[in-house]
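Here are some exercises to work through with the model open beside you. Try each task before you read its solution.

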Amino acid sequence: MSKDTIVIREIKPKDNAQIEGVIRACFHEFKIPLEGTAYTDPETSSMFESYQNSDDIYYVVEANEEVLGGAGIKPLKDFEGDVCELQKMYFSPKVRGKGIGKQLFETCLKAAKDLGYKKCYIESAPQLKAAIHIYESFGFEHLENGLGNTGHYSCGVWMIKDLCD
């Protein structure tokens with residue numbers, strides 16, 4: 001698959017089933033717990049509807065009409081201040097290792113700044129080593145504990161970055 005056929009765009013209603021499939025497949029592939037993660041979030045099956053507020057956005061990676069990944073920005077739930085959360089960043093094996101994750105990550109961080117957020121928070125699972133490496137390369141720092149109330153008690157990796165840098 002050539003890189004020039006890949007598009008990063010805002011989610012559309014027709015993308016729901018495909019992005020849900022990509023997200024859920026990653027949990028099985030990497031043997032991530034299903035409970036206490038994005039796998040059991042009610043919004044995972046209705047991603048378009050879940051990102052329709054003025055302070056959030058979700059992007060998908062598409063190639064030849066197929067959704068192969070995505071990530072979004074939302075306010076960090078039950079947390080005071082201008083902190084957003086990078087959410088539901090998952091990719092099909094078809095696009096991994098091609099630099100698409102970094103492109104999407106940069107797109108999300110720019111959107112977070114444009115939406116007025118001062119910090120970006122991420123929760124991840126220790127199994128997702130490649131993703132954690134990308135977060136670290138972008139200057140995200142590890143935290144001892146989680147922030148806000150995401151409901152993702154099975155994650156175990158918490159990171160934050162100041163967007164004003």
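**Exercise 1. Find the second largest pocket, then describe its lining.**

Start with the volume: the second largest pocket holds about 240 Å³ of space. A pocket here is an open set of points on a 1 Å grid over the protein atoms alone, where a 1.4 Å probe fits and protein lies on both sides within 12 Å along at least five of seven lines; a cavity is a set where that probe fits but cannot get out, and lining residues have an atom within 4 Å of a point. Points are joined across faces, edges and corners, and the volume is the space filled by probe spheres set on them.

Before going on, a word on the ground rules: this is a predicted model, where local features need pLDDT of at least 70 and side-chain atom pairs count only at pLDDT 80 or more, while totals for chains, interfaces and linings use all residues. Residues are numbered from 1 along each chain as its sequence is written, and side-chain values use heavy atoms, leaving out hydrogens and water.

Next, the lining: 13 residues, with Glu43, Lys77, Gln87, Asn149 and Thr150 nearest the centre. By class, that's two nonpolar, five polar and six charged residues. Ala, Val, Leu, Ile, Met, Phe, Trp, Tyr, Cys and Pro count as nonpolar, Asp, Glu, Lys and Arg as charged, and the others, Gly among them, as polar. Finally, S4 gives the most to this lining, with three residues. Helices (H or I, at least four residues) and strands (E, at least two) are DSSP runs, numbered from the N terminus.

**Exercise 2. Do the same for the largest pocket.**

Its volume comes to about 390 Å³. There are 20 lining residues, and Phe91, Arg96, Ala130, Ala131 and Ile134 lie nearest the centre of the largest pocket. S4, H3 and H4 each give two or more residues to that lining. The largest share, five residues, comes from H4. Sorted by class, the lining of the largest pocket has 12 nonpolar, four polar and four charged residues.

**Exercise 3. How many cavities of 30 Å³ or more are there? Describe the largest cavity.**

The count is one. About 210 Å³ of space lies in the largest cavity. Its lining has 18 residues, and those nearest the centre are Lys88, Tyr90, Glu123, Ser124 and Cys155. Strands S4 (83–91) and S5 (119–124) each supply at least two lining residues, and S4 gives the most, with six. The lining of the largest cavity splits into 11 nonpolar, four polar and three charged residues.

**Exercise 4. Trace the strands across the sheet.**

Write down the order: S1-S2-S3-S4-S5-S7-S6, seven strands in an open sheet with mixed pairing. S1 (6–10) and S6 (141–142) are at the edges with a single partner strand each, so one side of each has no neighbour in the sheet. Two strands pair if DSSP finds at least two bridges between them. Now zoom in on S5 and S7: they pair in the antiparallel sense over six bridges. One bridge to look for joins Lys119 to Asp162 in S7.

**Exercise 5. Pick out the nonpolar cores.**

A nonpolar core is a set of buried Ala, Val, Leu, Ile, Met, Phe, Trp, Tyr and Cys residues joined through side-chain atoms within 4.5 Å. Buried means under 20% relative accessible area, exposed over 50%, and partly exposed in between (1.4 Å probe, protein chains only). The largest core has 31 residues, and Ile73, Leu86, Phe105, Cys120, Tyr135 and Phe140 have the most contacts inside it. H3 supplies the largest share of this core, seven residues. Apart from it lies another core of 18 residues, among them Ile32, Tyr39, Phe48 and Tyr51.

**Exercise 6. Is Ile19 buried or exposed? And which residues does Ile19 touch?**

First place the residue: Ile19 is in helix H1 (residues 16–29). Ile19 has a relative accessible area of 0%, so it counts as buried. Contact means heavy atoms within 4.5 Å. Skipping residues up to four places away in sequence, Ile19 touches Ile11, Met47, Tyr58, Val67, Gly69 and Gly70. For a distance check, Ile19 and Ser46 are 27 residues apart in sequence and 9.3 Å apart in space, C-alpha to C-alpha.
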